[in-house]
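Work through the exercises below with the model open beside you. Try each task before reading its solution.

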Amino acid sequence: MSEPLRPRPAPRAALSGRSDRTFQLLILALASVIVGVFVLSVYQLGRESWPALREFGLGFYTERTWNPVTGQFGAAQMVIGTLVTSLAALVLSVPLAVASALFVAEYAPKWLANPVGYLIELLAAVPSVVYGLWALFVVAPILGRWQQGFFADPANLQVYTRCQDLWNSGQTTLQCFFVPSAFDGRGLALAILILTVMILPYTASVARDVIRLVPQDQREAMYALGATKWEVISRAILPYARAGILGGVILALGRALGETLAVAMVIGDSQDIIKSLWGGASTMASVIANQFGDAQETLHRSSVVALGLGLFFLSVLVNFLARVVIARLTPRGIQ
Amino acid sequence: MSTPLLTAQDVSIHYGDKQAVRGVNLSIERGTVNALIGPSGCGKTTFLRAINRMHDLTPGARVTGRIVLDGEDMYAPGVDAVAMRRRVGMVFQKPNPFPTMSVFDNVVSGLKLTGVRDRARLMEVAERSLRGAALWDEVKDRLKTPATGLSGGQQQRLCIARALAVEPELLLMDEPTSALDPASTARIEDLMTGLKKVTTILIVTHNMHQAARVSDTTSFFLNGDLVEHGVTDQVFTSPRDERTEAYVTGRFG
């Protein structure tokens, strides 16, 4: 029984050990709130959309007909509308955003860079409804005038008549997809344009920050080899920053997928299949905004909530894929 | 002696109102290793960077005087900085390989800037440059792997290979071993003697013993002035200026 005497821990150490534990528990509790909110959201969305999912199964998300009168609900057009508007807006906005980030971070003198950077960020602070109004009152008339100009040519009118027959039979071709089906400027194209402007600041400000964070020695290494400024940007700066820029792109995509009010105001709220770039369409979020108030019957209401559930999982999926891609693109040795 | 490869005539460098280098005159012979020594902030790195026109990138920096490389004034009006940098290589304080490129792509990145696309030619230059940097045997089986997978010392030799690939007339080294362990430092010092056959080296070093070991000439900078320039043995054993003597004997710095 000759256990060696252990030195007693100092009282101070015991105290700090106890306060550490308290703090740990507190942090754990606060962090659990986030998990709790997530789980509750899924539960509530699932419960509310259960009647629709029980009626239509997972086919709800692949079925094309959405008709509250006959009680048939299929969300395929909204899923497609969401993906088309978001991805098209992304394709349009990413080059603009990266170019503006390069201008602010690499080309503009300081007195110009800061105000321009600030203005771009300010775009993110403009409320959705203001973008919607701007689109309706300023951009839509411009598109409308272009559409009317299109019909002024008799040859185009013939094309239109041919396309309309096709559309009425529920089909479209590549040519007809670009033929206007309306005169008021509202529709898919306007939604894409407005989304492009709305998501621009997210990619642009993230890209600007990561471009500024590219170490000076990377630039100098490329300059020292005899590179021009553009070669330094394209071969040293952009590759180094690509994972971070993609992070900004994903942020913008998340924003585009979920953008509700501005899109609901301009997209034309048509649940038919998308026939023309200029025609009406709808996204999952815009249908929720436009129909939730009127959805009286259980099945209609539940179908609208099921759209929300689908949108939720779509966002989770996009974020997950984004993480995988970013992790693959991040060069080793960069955190 | 032939005409010097590099001549600096009355070179002064300002950052805004602050003068960092004052009226330096210096010439460098072909096929030699030349060390710039001096305490921190003495202007040696600032002077080195002027020889690659790196100050063009710093707003507010101004270089006056003449720096003549092989008969051509680098700062004459109409001289293209990009073309000048192709003739002068540079190795930096911290190894800075391009992290998104493979070992191979790093080595040939300068060559690709000049429009060379031929695989065989790129491969040939990559092997020659990597051998020149004493790295070939270590990386020949992983040319396609990311450059950041190499150790710090290997990365710095990779940066030397990258600079050598474009066959620079002059290779500038800015404290190339200050971030490395003693073994890696020794390898790079060994390398420099061999490199004299293919290029001329101007190296900034904090480490006086390094200067004494590797260089043919040594220039001592203090507070922006070039205090003394001479054959390395002479500078270290019988300096002409008492400030040089105080520095090389370790009384300050």
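**Exercise 1. Find the residue in β8(B) that stands opposite L36(B), then place both strands in their sheet.**

Step 1. L36(B) faces V204(B) in β8(B). This is a predicted model, in which local features need pLDDT of at least 70, side-chain atom pairs count only at pLDDT 80 or more, and totals for chains, interfaces and linings use all residues. Residues are numbered from 1 along each chain as its sequence is written, while chains are lettered from A and ligands numbered from 1 in the order in which they are written.

Step 2. Take the strands. β3 (residues 33-37) and β8 (residues 200-204) of chain B run parallel and share four bridges. Strands (E, at least two residues) and helices (H or I, at least four) are DSSP runs, numbered from the N terminus. Two strands pair if DSSP finds at least two bridges between them.

Step 3. Widen to the sheet. It is open, with six strands in the order β6-β7-β8-β3-β9-β10 (chain B) and mixed pairing. β6 (88-91) and β10 (225-231) of chain B are its edges, each paired on one side only. On average, neighbouring strands are turned by 15° against each other, direction ignored. Angles run from 0 to 180 degrees between N-to-C directions, and axes are lines fitted to C-alpha atoms, for helices over the stretch in contact.

Step 4. Add the helix. α6 (residues 152-164) of chain B packs on this sheet and touches β6 and β7 (170-174) of chain B. The direction of α6 makes about 175° with that of β6(B). Contact here puts two C-beta atoms, placed from the backbone, within 7 Å.

**Exercise 2. Give the strand order of the four-strand sheet in chain B.**

Step 1. The order is β2-β1-β4-β5 (chain B), in an open sheet with antiparallel pairing. The edge strands are β2 (18-28) and β5 (72-73) of chain B.

Step 2. Look inside. β1 (residues 6-15) and β4 (residues 61-69) of chain B pair over eight bridges. Q9(B) has R66(B) of β4(B) as its bridge partner.

**Exercise 3. Test each chain against the compact-globule rule.**

Step 1. Set the rule: 2.2 Å times the number of residues to the power 0.38, with the radius of gyration taken over C-alpha atoms.

Step 2. Chain B has 253 residues, so a compact globule would come near 18 Å; chain B has 18 Å, which agrees. Its C-alpha trace spans about 55 × 45 × 35 Å along the principal axes.

Step 3. Chain A has 335 residues; the rule gives a value near 20 Å, but chain A has 26 Å. The C-alpha atoms of chain A fill a box of roughly 105 × 65 × 30 Å.

Step 4. Check burial. A residue is buried if 20 or more other C-beta atoms lie within 10 Å of its own. That covers 48% of chain B and 37% of chain A.

**Exercise 4. Describe how α2(A) packs with α7(A).**

Step 1. Count the elements: chain A has twelve helices and two strands.

Step 2. α2 (residues 76-107) and α7 (residues 188-212) of chain A pack at about 35°, with axes 6 Å apart. Their contact residues divide into 20 nonpolar, six polar and three charged.

Step 3. Bring in α11 (residues 284-291) of chain A. Its buried residues include M284(A), V287(A) and Q291(A). The buried residues of α11(A) pack against α2, α9 (229-258), α10 (261-266) and α12 (298-329) of chain A.

Technical notes
A residue is buried if 20 or more other C-beta atoms lie within 10 Å of its own, exposed if 12 or fewer, and partly exposed in between; C-beta atoms are placed from the backbone. Ala, Val, Leu, Ile, Met, Phe, Trp, Tyr, Cys and Pro count as nonpolar, Asp, Glu, Lys and Arg as charged, and the others, Gly among them, as polar.
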